[in-house]
Amino acid sequence: PMIAVLALPRRFHVRIAWRDLQDLVVRVFTGHQVDPEIADIVAAALLRAEADGISSHGLARVAPYADQAMSGKVDGFARPVVSHPAPGVVHVDARTGFAFPAIDAGLTAAEASVTDQGLVAVAIAQSHHFGVAGHHVERLAERGLIGLAFSNTPAAIAPWGGQQAIYGTNPIAFACPRAAAPPLVIDLSVSTVARGKVVLAAQRGEEIPADWAFDVAGGPTTDSRAAFEGTMAPLGGASAGAKGAALALMVELLCGALTGSNFGHQGSSFFDAEGPPPAVGHLIVVIDPARFGNGGTFAARAEDLFGAILEQPGTRLPGDRRLGLRARVADAGFEIPDDLHQELVARAAG
């Protein structure tokens, strides 16, 4: 399949303020069959990814998202439908629309009830690209909650010992509040790297490390285009990839079977405008630590552990780089390639 993302050259040429770039991306989406309110939510999610240095989930997604809205692969006007099938369960039907409005609706409902319940599971069905998984749980941690998130994605990983992709790269994220610091956020995929990194390398004509992916014959490859046509290496690589494949299977069951959505091998690609909606699923577990025994001291206990980690030279907690990049962009704006900026302007103009 074609790789429908924008080329991202190494040299940056245009500096643009966050609000101005947000408005530009919104205009792109509203000109490509996306409701203005939904366009604003989606644009904000992509810019936050770009600000955190996760370019594979940032502006590179504008073109494929817009093209998919035009083709009907994602419904740019779909409003999520929220229901409460059980006291500790929130179900959200994304209705083959963008994931971000559905996630926002589900988390808003969970936040309203988790103090009473102690724990709420948010099941999101018939959805689209999950975006940066860590951002969804970070929102919860900023409110004093603990979040654990899962999403399945279109097939990119073969079962251990096989050669045909069945599982997605299936991100997993965790976040918890800290006493006097930004939340701890852990965000990973069950592949060695996120597939978006391979897509960007293929678009740039760059090679990739040999432990990232396999070609169609199942052999390790440094050719990014061959890797895109093949499968991703599961977390653990050649020696311990069975563990990553097992995690991928777990996420498929939680997000495909449990929510009533497509499995990875049934979902269409996030990277082109061809075919039916991906219709994948997400599961987010929301925990109020104050409702769990000694949970009232959770933040202090967590700091005990973090302190023990940081006492050792050379250690750090996840997220330091992300927060630094975000702060710089908030202060100075984005630097983006000139040709990318021109492409966005052209799309916004229709």
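This is a tour of selected helix contacts, strand pairings and backbone angles in a predicted model.

**Stop 1: α1 and α2**

Select residues 18–30, helix α1, together with residues 36–51, helix α2. The two axes lie 8 Å apart, and the helices pack at an angle of about 130 degrees. Angles of 65 to 115 degrees count as roughly perpendicular and those over 145 as roughly antiparallel, and α1 and α2 are therefore oblique to each other. The crossing of α1 past α2 is right-handed.

Now show side chains at this contact. On the α1 side, pick Trp18, Arg19, Leu21, Gln22, Val25, Val26, Phe29 and Thr30. On the α2 side, the partners are Pro36, Ala39, Asp40, Val42, Ala43, Ala44, Leu46, Leu47, Arg48 and Ala51. Coloured by class, the contact of α1 with α2 shows 13 nonpolar, two polar and three charged residues.

**Stop 2: α1 and α3**

Keep α1 and add helix α3, residues 62–71. Here the axes come within 9 Å and cross at roughly 25 degrees. Angles under 35 degrees count as roughly parallel, so α1 and α3 fall in that class. Which residues make the contact? From α1 they are Val25, Val28 and Phe29, and from α3 they are Val62, Tyr65 and Ala66. By class, the contact of α1 with α3 has six nonpolar residues, with no polar and no charged ones. Val25 and Phe29 can stay selected from the previous stop, since they are listed in the contact with α2 and again in the contact with α3.

**Stop 3: the sheet**

Hide the helices and display the strands in the order β2-β3-β4-β10-β5-β6-β7. These seven strands form an open sheet with mixed pairing. At the edges are β2 and β7, the latter at residues 184–188, and each pairs on one side only. From one strand to the next the twist averages 15 degrees.

Start at the β2 edge. Strand β2, residues 81–86, pairs with β3 in the antiparallel sense over four bridges. A hairpin of two residues joins β2 to β3. To find the register, select valine 82, which stands opposite valine 92 in β3.

Move along to β5, residues 146–151, and its antiparallel pairing with β10 over six bridges. The pair to label is serine 151 and histidine 282, the latter in β10.

**Stop 4: a helix on the sheet**

Bring back helix α5, residues 133–142. Which strands does α5 lie across? They are β5, β6 (172–176), β7 and β10, and α5 runs at about 20 degrees to β6.

**Stop 5: two positive phi angles**

Most residues other than glycine have a negative phi. The last two selections depart from that pattern.

Go to arginine 95, in the loop between β3 (89–93) and α4 (99–117). Arginine 95 is not a glycine, yet its phi is positive, at about 60 degrees. Is arginine 95 buried or partly exposed? Its relative accessible area is 42%, so arginine 95 is partly exposed.

Then select alanine 279, in the loop between α8 (237–257) and β10 (280–287). Alanine 279 also has a positive phi, near 50 degrees. Its relative accessible area is 6%. The cut-off for buried is under 20%, and alanine 279 is therefore buried.

Key:
Residues are numbered from 1 along each chain as its sequence is written. This is a predicted model: local features need pLDDT of at least 70, side-chain atom pairs count only at pLDDT 80 or more; totals for chains, interfaces and linings use all residues. Side-chain values use heavy atoms; hydrogens and water are left out. Axes are lines fitted to C-alpha atoms, for helices over the stretch in contact, and angles run from 0 to 180 degrees between N-to-C directions. A crossing is left-handed if the near helix is turned anticlockwise from the far one by less than a right angle, and right-handed if clockwise. Contact means heavy atoms within 4.5 Å. Ala, Val, Leu, Ile, Met, Phe, Trp, Tyr, Cys and Pro count as nonpolar, Asp, Glu, Lys and Arg as charged, and the others, Gly among them, as polar. Buried means under 20% relative accessible area, exposed over 50%, partly exposed in between (1.4 Å probe, protein chains only). Two strands pair if DSSP finds at least two bridges between them.
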